[in-house]
Amino acid sequence: MTPTEPLVRASAGQSAVRPPLPVKLVIAGGFGVGKTTAVGSISEIEPLTTEAAITEVAAGVDDLSHTPRKTTTTVAMDFGCITIDPTLKLYLFGTPGQERFGFMWDDIVEGAVGGLVIVDTRRLDDCYAAVDYFEHKQIPFAVAVNAFDGQVAHTLEDVRWALDVSDGVPLLVFDARERGSVRDALLVVLEQALARSER
Amino acid sequence: MADGRTPRGAGEDGVAPVGPAPAVRPFLVTAGRVAGGSGEASSGRSMPVETQLVATTDGIDALDRLSFEQHDIVAACRVPQSIAEIAARLRLHLNVVRVLAEDLRTAGQLSVHVPDSGVTHDASVLRRVIDGLRAIPDSRGVLRDTD
């Protein structure tokens with residue numbers, strides 16, 4: 001039942017093999033916006049699903065200086081990975097969460113080097129929570145408009161205005177079904193992260 | 001949001017669900033212990049979902065004596081796996097994996113590699129990821145009709 005993988009024997013109590021350094025990107029956006037499609041387009045494994053704990057801040061709390069009421073729910077989280085080399089692996093975590101405006105994704109996002117917010121221009125408001133979250137957490141991110149059937153309902157300038165993101169946040173159109181397109185979108189996020197690290 | 005407008009080719013609906021986690025005893029296997037929402041294990045360290053788990057030689061030697069989830073985790077971690085992968089593949093709650101991983105680490109049967117945020121955010125690491133990603137071709141073994 002268990003795979004018999006070749007092992008590098010190490011001294012007792014030690015890891016038999018050395019794991020890669022995991023670098024994490026988060027892909028966020030509303031339900032059905034293409035997160036899992038994007039992960040699946042570029043991941044070397046079929047996207048896996050697990051249950052993540054989401055802490056939701058109860059609606060109606062507008063004073064962030066006070067501790068809001070929280071409830072914890074679990075949501076399905078899809079993810080995949082790309083082996084860069086034996087010592088380095090990129091993980092892509094697709095995070096759900098669109099309908100509430102105050103949830104926290106800390107369980108998933110902690111340590112992420114950047115985020116990609118996927119937007120469907122027909123349902124722009126679905127991504128506000130993700131944009132707010134990355135801004136609040138000061139995580140480098142880009143906004144990617146998923147061009148369903150090659151169609152984008154609004155111009156990028158309209159989208160930028162509607163989302164009220166700063167000029168420093170890259171905004172692009174991509175196709176979640178196209179591997180090269182997803183790769184390029186992730187590269188934009190990583191360049192943002194790199195620029196942040198060099199600042 | 002009106003439902004029924006979920007576009008095709010889209011996110012959650014596009015993937016075959018692994019199936020629900022067993023309804024019984026998600027935390028029975030941890031004797032009721034839970035890890036914090038952000039992965040605060042009993043050691044006080046947090047364990048992000050990408051934390052790498054690797055079986056130790058002691059763990060592999062002890063496989064016959066381990067039972068159920070502990071056995072499955074150590075067996076699966078002959079190849080390094082993230083906490084998220086173990087949770088998905090063994091259909092365990094993330095926080096159950098965190099608790100059990102901490103137990104197994106304490107017992108010397110699993111090594112837990114929490115990524116150093118300073119290292120993963122380092123420019124040299126990010127450049128390597130960028131270079132590696134750039135090398136990925138447009139399609140996975142599928143010839144494009146142009147070019």
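Let me begin with one residue, Arg179 of chain A, which is partly exposed because 19 other C-beta atoms lie within 10 Å of its own, one short of the 20 that would make a residue buried. Please keep in mind throughout that this is a predicted model. Arg179(A) sits in helix H5 of chain A, and its C-alpha atom is separated by 9.1 Å from that of Ser43(A), although the two residues are 136 apart along the chain.

That pair brings us to the packing of two helices in chain A. In general, two packed helices are described by the angle between their axes and the distance between the axes. Helix H1 of chain A, residues 35–42, packs on helix H5 of chain A, residues 179–198, at an angle of about 100 degrees and with the axes 8 Å apart, which means that H1(A) is roughly perpendicular to H5(A). On the side of H1(A) the contact is made by Ala38(A), Ser41(A) and Ile42(A), and on the side of H5(A) by Arg179(A), Val182(A) and Arg183(A). Sorted by character, the residues of this contact comprise three nonpolar, one polar and two charged.

Staying with H1 of chain A for a moment, Thr37(A) also belongs to this helix, and Thr37(A) counts as buried because it has 28 C-beta neighbours inside 10 Å. From Thr37(A) to Arg199(A) the distance is 33 Å, C-alpha to C-alpha, over a sequence separation of 162 residues.

Let me step back to chain A as a whole, which has five helices and seven strands, running from the N terminus as β-α-β-β-β-α-β-α-β-α-β-α. Of its 199 residues, 50% count as buried, and among the contacts in chain A with a separation of 6 or more, 69% are accounted for by residues 24 or more positions apart.

Chain B, for its part, has six helices and three strands, in the order β-α-α-β-α-α-β-α-α from the N terminus. Buried residues make up 37% of the 147 residues in chain B, and of the contacts there between residues at least 6 apart in sequence, 66% join residues at least 24 apart.

Now, which residues have the most contacts inside the largest nonpolar core? That core has 79 residues, and the ones with the most contacts inside it are Leu25(A), Ile27(A), Leu116(A), Val117(A), Ala144(A), Ile83(B) and Leu110(B), a list with residues of chain A and of chain B. The element that gives the most to this core is H5(A), with eight residues. As a general remark, nonpolar side chains tend to be buried together in soluble globular proteins. To take one of these core residues, Ile27(A) is in contact, leaving aside its neighbours within four places in sequence, with Lys35(A), Ala38(A), Val39(A), Leu92(A), Phe93(A), Gly94(A), Leu116(A) and Ile118(A).

In chain B, I would like to spend some time on helix H4, residues 94–106. At 1.5 Å a residue, its 13 residues should span 18 Å, and because its end C-alpha atoms are 18 Å apart, the expectation and the model agree. Is H4(B) enclosed or open? It is largely enclosed by the rest of the structure, because 10 of its 13 residues are buried, among them Leu94(B), Asn95(B), Arg98(B), Glu102(B) and Leu104(B).

H4(B) also packs against helix H2 of chain B, residues 68–76, at an angle of about 75 degrees and with the axes 10 Å apart, so that H2(B) is roughly perpendicular to H4(B). Here the contact is made by Glu69(B), Gln70(B), Ile73(B) and Val74(B) of H2(B), together with Leu100(B), Ala101(B) and Leu104(B) of H4(B), and its residues divide into five nonpolar, one polar and one charged.

I will finish with the backbone. Most residues other than glycine have a negative phi. After H4(B) comes Gly108(B), with a positive phi near 80 degrees. Arg91(B), which is not a glycine, has a positive phi near 55 degrees; Arg91(B) is found in the loop between helices H3 and H4 of chain B and counts as partly exposed, with 16 C-beta neighbours inside 10 Å. In chain A, Asp164(A) has a positive phi of about 60 degrees although it is not a glycine; Asp164(A) lies in the loop between helix H4 and strand E7 of chain A, and it counts as exposed because it has 10 C-beta neighbours inside 10 Å.

How values were computed. Residues numbered from 1 in each chain as written. Chains lettered and ligands numbered in written order. Predicted model: local features only at pLDDT ≥ 70, side-chain atom pairs only at ≥ 80, totals over all residues. Helix = DSSP H or I, 4+ residues; strand = E, 2+ residues; numbered from the N terminus. Buried ≥ 20, exposed ≤ 12 C-beta atoms within 10 Å, placed from the backbone. Contact = placed C-beta atoms within 7 Å. Axes fitted to C-alpha atoms, helices over the stretch in contact; angles between N-to-C directions. Parallel < 35°, antiparallel > 145°, perpendicular 65-115°, else oblique. Nonpolar A, V, L, I, M, F, W, Y, C, P; charged D, E, K, R; others polar. Expected span 1.5 Å × (residues − 1). Core = buried A, V, L, I, M, F, W, Y, C linked by C-beta atoms within 7 Å.
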